[in-house]
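This report examines a protein model through its empty spaces, one of its helices and a few individual residues. Please keep the sequence and the structure in view while reading.

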Amino acid sequence: MHLPRRTLLAAATAAAALPATATPAAAARRTRTGFERLRATGYAQLDGRRTGIVTNPTGVTRDVRHVVDVMHADDRVDLVAVFGPEHGFRGTAQAGGSEGRYDDPATGLPVYDTYLRTGQRLADVFTASGVDTVVFDVQDVGARFYTYIWTLYDCMEAARLAGKRFVVLDRPNPVTGRAALGPVLHREFATFVGREPIAQAHGMTVAELARLFNGEFLAAPVELETVLMSGWRRTDWYDASGLPWVPASPNMPTPDTALVYAGTCLLEGTNLSEGRGTTRPFELLGAEGIDGRWATAVNGLGLPGVHFREAYFAPTFSKFQGRTVGGVQIHVHDRDAFDPVRTGIALLVTAKRVWSGFAWRADQWIDRLTGSTWVRTAIDKGADVDEVVAGWQEELAAFRRVRREYLLYR
C-alpha cells in the first residue's frame with residue numbers, strides 16, 4: 001500500500017509529539033478530572049451550597065490554574081473556605097508541618113489547617129467555617145503511608161460529625177490502579193500514616209478510597225458524593241492522562257518518585273537516608289559507611305523491572321545533612337514489571353546483610369509504615385525476600401476481595 005508523503009509526514013510528527021512512555025491509544029484518550037467534570041455541569045452539585053474545599057497545590061486544572069482561584073472567580077460557586085492538609089494549602093511546609101490559619105492573599109478566603117486534627121476537633125473547624133458542603137480535591141500517590149488519604153478519611157468523619165455533605169473530586173492514581181500490593185495494616189499500629197487496614201500500595205483512586213472508607217471503616221456513613229474521572233483506565237500510568245504533574249509534596253517532585261515511593265519510603269524506618277534533601281528523594285538511598293557492595297547485593301536478586309546503581313550523595317537536609325553518604329540509586333526500566341513493595345523489602349534485607357551499621361529507628365517507625373511487626377522481626381531473624389513477602393499474602397488476599405467491591409473504573 002502506498003501512502004502520500006503528506007500523510008507519512010503527519011503521522012511522523014504526531015508520533016514524535018508523544019511522550020516516550022505513552023502509546024498512541026493512551027494519547028488519544030483525554031482524562032478529565034473530577035473537577036473538570038464538575039465545572040462542565042456548572043457546578044450542579046454545589047448549587048446553593050456554602051462550599052469549603054480541602055486541597056493543596058495539586059488541585060489544578062489542565063492549564064495549571066488552581067481550582068480555588070477558578071471557583072472563587074465563578075459566580076456559580078459560593079466558595080467560602082479552604083482547608084489545607086499536611087504541607088499546607090499552598091504547599092510551603094516540609095514533612096510533618098503545615099501552614100496554620102491565615103487568609104489567602106490571592107482570594108481573601110480564610111484558610112484553615114486540618115493537619116493532625118481529627119474527630120470533633122476537626123468537625124468544629126468545619127462548623128466554624130460556616131460551610132455546609134466539604135469538597136476534597138487532592139492528588140494522591142497510591143501508598144498507604146502518604147497522609148493525604150488519611151486527611152480524606154479524617155475529613156469525612158469530621159463532616160459526618162458536623163452534619164456536612166462531602167464531595168470527592170477524583171484524580172488518577174499515578175502508579176495505576178492495577179493491583180493492591182504489600183502488607184495490610186493491623187489496627188493496633190494505626191497512626192496518621194495508616195488509620196485503617198488497607199494494603200501498603202492500595203491500587204485505588206481517592207474516590208474509590210472514599211467509598212471504601214464510608215462502607216467499611218467510618219463509625220457511620222457520611223453523606224458522600226463522588227465526581228468521577230472520564231478517560232482513565234486502571235492500567236494507565238500518569239503520563240497517559242495528559243494532565244500536568246504538580247509535586248504532591250516537597251519530596252514528591254515527579255511521577256517517578258511516586259513509582260518507587262510505596263517501597264523505598266520504608267527506609268524512613270531505618271537509620272539510612274531515604275534521599276530527602278536530594279533532587280531524587282526515595283530514589284537515592286544510603287548512609288555513611290555503605291559502599292558498592294549494597295548495589296551488587298540487590299542487583300544480584302534479579303528483581304524485575306529495576307536496576308541499582310552505586311551512588312554517593314550529600315543531603316542538604318534531613319538525615320546526614322551536609323555529609324557524603326554511599327548507597328544506591330534506583331533505576332526502574334520496566335515499570336509494568338516493577339514491584340515497589342517487594343523492591344523495598346529487598347533493599348532492607350540486603351542493606352542489613354552488607355552494612356554492619358544497619359539499625360531500625362529506635363521508635364520502631366518501620367512497624368507503623370509496614371503496619372505490623374512482621375517485616376522487622378522477620379528480617380531480624382534472617383528471612384530472605386521471598387519469606388518476608390509470603391508473610392502477608394493471606395491478609396493481602398482478604399483486602400483485595402474487599403477492595404474489589406469499591407472499584408469504579410475498568
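A pocket is an open set of grid points with protein on both sides within 12 Å along at least five of seven lines, and its lining residues have an atom within 4 Å of a point. The model discussed here is predicted.

**Empty space in the model**

Rolling a probe the size of a water molecule over the atoms shows where empty space is left. The largest pocket holds about 430 Å³ of space. Its lining is made up of 24 residues, and those nearest the centre of the pocket are Glu86, Ala95, Val193, Glu268 and Arg276. By class, the lining of this pocket comprises 14 nonpolar, five polar and five charged residues.

A cavity, unlike the open pocket, is a place where a 1.4 Å probe fits but cannot get out. There are three cavities of 30 Å³ or more, and the largest cavity has about 80 Å³ of space. Among the residues that line the largest cavity are Thr58, Arg62, Gln139, Arg171, Tyr238 and Trp245. The lining of the largest cavity divides into six nonpolar, three polar and two charged residues.

**Helix α14**

Helix α14 consists of twelve residues, 393–404. From its first C-alpha to its last the helix reaches 16 Å, close to the 16 Å expected at 1.5 Å a residue. Which residues of α14 are buried? They are Leu396, Phe399 and Arg403. These residues lie on the same side of α14 because they cover an arc of only 60° around the axis. Glu394, Arg401 and Arg404, on the other side of α14, are exposed. The elements that cover the buried residues of α14 include the strands β7 (181–184) and β8 (199–201), together with helix α7 (206–217).

**Individual residues**

Four further residues are set out below, each with its place and its relative accessible area.

| Residue | Place | Relative accessible area |
|---|---|---|
| Thr370 | helix α11 (365–370) | 1% |
| Ile290 | loop between β10 (284–287) and α9 (293–299) | 6% |
| His87 | loop between β2 (78–84) and β3 (102–103) | 8% |
| Ser318 | loop between β11 (306–313) and β12 (325–332) | 35% |

A residue counts as buried when its relative accessible area is under 20%. Thr370, at 1%, is therefore buried. Apart from its neighbours within four places in sequence, Thr370 is in contact with Arg144, Pro183, Val184, Gln200, Leu266 and Val375.

Ile290 has a relative accessible area of 6% and is therefore buried as well. When neighbours within four places in sequence are left aside, the contacts of Ile290 are Leu272, Tyr312, Gly326, Gly327 and Trp355. How far apart are the C-alpha atoms of Ile290 and Gly327? They are separated by 5.8 Å, although the two residues are 37 residues apart along the chain.

The remaining two residues concern the backbone angle phi. His87 is not a glycine, yet its phi is positive, at about 80°. With a relative accessible area of 8%, His87 is buried. Ser318, also a residue other than glycine, has a positive phi near 70°. Is Ser318 buried or partly exposed? Ser318 is partly exposed, because its relative accessible area is 35%.

Notes:
Residues numbered from 1 in each chain as written. Predicted model: local features only at pLDDT ≥ 70, side-chain atom pairs only at ≥ 80, totals over all residues. Heavy atoms only, no water. Helix = DSSP H or I, 4+ residues; strand = E, 2+ residues; numbered from the N terminus. Buried < 20%, exposed > 50% of the residue type's maximum accessible area, 1.4 Å probe, protein only. Contact = heavy atoms within 4.5 Å. Expected span 1.5 Å × (residues − 1). Arc of directions from axis to C-beta. 1 Å grid on protein atoms, 1.4 Å probe; cavity = no way out; pocket = protein on both sides within 12 Å on 5 of 7 lines; lining within 4 Å. Points joined across faces, edges and corners; volume = space filled by probe spheres on them. Nonpolar A, V, L, I, M, F, W, Y, C, P; charged D, E, K, R; others polar.
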